[in-house]
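Me: Hi! I'm new to this one and would love a friendly tour. Could you take my questions as they come?

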Amino acid sequence: MTEKKATNKKNYNHKAQKKGRPVNKVNIILVFLIIISLVILGSLYFEFNSNDPEPEPEPPIPQNQPPFPLPTQRIINTHDHIDFMDMLEKWLSSQRQCNVSATIMVGSPNSTFWSQPKGPFTHYLENNELLLDMAQMTNGEIIAFPTINPNDENNLERLKDYLARGARGLNLWTGHHGVLEGSWGALSLYDWLGPLNRTDMYPIYEYCQKNRIPVIWSNNLGIWEIREYLWSILERFPDMIIKIPHFGICFQDYNLPFIEQFLDNYTGVYTCFSWGHPEFVMEKFENISTVRNEAISEFFEKYQDRIMFGTDIVPTINKRKTVEWMRKHTQVYKDVLENENYHVEILNFTPDGIDFIADYRGLNLSKDILEKVYYKNAIKFLSGLAWNEELNETIITRGDGEALKDAWENSDIHIEEKRIRKAYCVGNHWWEGGTTTVLI
Ligand SMILES: [Zn+2]
């Protein structure tokens with residue numbers, strides 16, 4: 001461009017001299033203006049007509065780049081709670097940005113959304129209705145797992161009604177916290193709901209086992225009473241499909257064997273990598289970066305068919321929970337699983353306004369394990385299958401299988417993918433009203 005400017009100027013001066021006339025001041029100004037105009041026009045011409053632009057430098061590989069590209073980055077988030085219609089769009093936006101294609105929302109009482117101490121078990125019926133509405137509105141991007149209160153009557157009828165209205169499973173609460181008076185969460189849900197191995201709950205377990213209804217059941221397996229109760233239920237209903245979230249609140253050397261005991265003995269037991277409260281997230285991720293890296297890596301290796309992805313962010317209307325905050329909160333769960341090293345920076349992370357800024361060591365899981373954790377295990381769980389059961393034609397032809405079968409046979413999706421997708425869709429009546437709603 002500089003060269004072109006110079007050439008224009010030189011040509012004009014040559015022309016003026018050749019005519020041999022005196023050059024007055026007005027002419028000089030006019031000539032000058034013409035030169036400027038020509039230079040501008042010349043530059044514009046060059047800008048718009050250049051066929052040979054400077055090659056763009058290759059963009060640097062971003063930090064936290066996943067070790068494999070799409071489409072394996074499909075994720076089912078198997079654990080969160082929501083109680084505000086206003087938060088739905090924000091939640092979906094944060095999840096879509098992280099390649100999360102669906103979230104299981106578990107039916108929850110008021111005390112999940114409001115601060116401690118844990119109060120009575122209230123408002124859960126309203127929350128169930130909200131989740132069913134959201135599941136319908138989002139065409140399954142929200143997956144509803146309503147809850148019941150064991151102290152209510154007609155729970156089986158209620159569960160059947162929820163399932164008929166689009167619920168994909170059942171959420172049960174025992175509670176995460178101590179049952180000891182004076183401990184944090186002394187008024188835990190456990191205290192309000194009582195033991196769940198009571199006989200009047202048996203019809204629920206029976207029904208779920210028989211009909212392959214997946215159950216998410218929050219239990220703190222570190223508490224022996226809760227462990228005993230759950231064990232006695234599984235002895236009686238050994239084929240129930242149950243997810244015990246958060247590794248059963250077991251993470252350290254002294255308590256990880258408790259969740260392992262359940263996973264080793266019952267093929268329908270799953271768990272999820274989600275840690276809830278931001279303080280727990282910071283603590284666990286720091287642990288993984290330092291003293292627990294090998295142990296947790298081994299756990300993932302050993303139980304790679306049983307662990308699912310989850311967040312437990314609890315999107316409330318609290319003003320610090322912006323879309324960006326939720327996106328970053330979800331992303332850090334991916335970063336710890338995918339990377340050898342990662343950087344996290346979430347400002348105002350905890351309710352006390354503490355920032356989460358760190359350079360940590362992650363688990364660097366293999367592609368195979370990540371795919372299982374991200375969605376394959378969730379598809380099995382949602383389809384009501386134990387970890388060692390195959391997704392097969394028997395499952396595929398259940399429910400609205402015929403319409404689905406035709407549509408999928410004619411699609412050009414890879415055959416193995418088709419098999420998984422179909423099983424999931426049909427197992428959960430995913431196709432409704434003839435529309436092609438696909439989870440992944
Ligand atoms: Zn939770």
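Me: Let's start with one residue: is H123 buried, exposed or partly exposed?

Reply: H123 counts as partly exposed, because it has 17 C-beta neighbours inside 10 Å. A residue is buried if 20 or more other C-beta atoms lie within 10 Å of its own, exposed if 12 or fewer, and partly exposed in between, with C-beta atoms placed from the backbone. Before we go on, this is a predicted model: local features need pLDDT of at least 70, side-chain atom pairs count only at pLDDT 80 or more, and totals for chains, interfaces and linings use all residues. Residues are numbered from 1 along each chain as its sequence is written.

Me: Where is H123, and what is its phi near?

Reply: H123 lies in the loop between β2 and α4. Its phi is near 70°, a positive value in a residue other than glycine. Helices (H or I, at least four residues) and strands (E, at least two) are DSSP runs, numbered from the N terminus.

Me: OK, what about α4 itself, how many residues does it have?

Reply: Helix α4 covers residues 124–137, so 14 residues, and it reaches 20 Å from first C-alpha to last, close to the 20 Å expected at 1.5 Å a residue (1.5 Å times one less than the number of residues). After α4 comes N139, whose phi is positive, near 55°.

Me: Which residues of α4 are buried?

Reply: The buried ones are Y124, N127, N128, L130, L131, M134 and A135. They cover an arc of only 160° around the axis, which puts them on the same side of α4. That arc is taken over the directions from the helix axis to the C-beta atoms.

Me: And what do they pack against?

Reply: The buried residues of α4 pack against α3 (88–96), β2 (100–106), β3 (142–145) and α5 (155–164). Packing is judged by contact, where the C-beta atoms of two residues, placed from the backbone, lie within 7 Å.

Me: You mentioned β2 and β3. What order do the strands of their sheet have?

Reply: The order is β1-β2-β3, in an open sheet of 3 strands with parallel pairing. Two strands pair if DSSP finds at least two bridges between them. The edge strands are β1 (75–80) and β3, each pairing on one side only. Between β1 and β2 there are 4 bridges, and D80 has M105 in β2 as its bridge partner.

Me: New topic: how many residues are in the largest nonpolar core?

Reply: It has 90 residues, and those with the most contacts inside it are M105, F145, V215 and I259. Helix α13 (residues 367–382) gives the most to this core, with 8 residues. Such a core is a set of buried Ala, Val, Leu, Ile, Met, Phe, Trp, Tyr and Cys residues joined through C-beta atoms within 7 Å.

Me: What is V215 in contact with?

Reply: Leaving aside neighbours within four places in sequence, V215 is in contact with G169, L170, L172, C208, M240, I241 and I242.

Me: Last stop, β9. Which residues are on its covered face?

Reply: In β9 (residues 341–346), Y342, V344 and I346 form the covered face, while N341, H343 and E345 form the uncovered one. In a regular strand the side chains alternate between the two faces of the sheet. β9 pairs with β10 (residues 356–361) in the antiparallel sense over 6 bridges, and I346 has F356 in β10 as its bridge partner.

Me: What sits in the loop between β9 and β10?

Reply: N348 has its place there. Its phi is near 55°, a positive value in a residue other than glycine, and N348 is partly exposed, with 16 other C-beta atoms within 10 Å.
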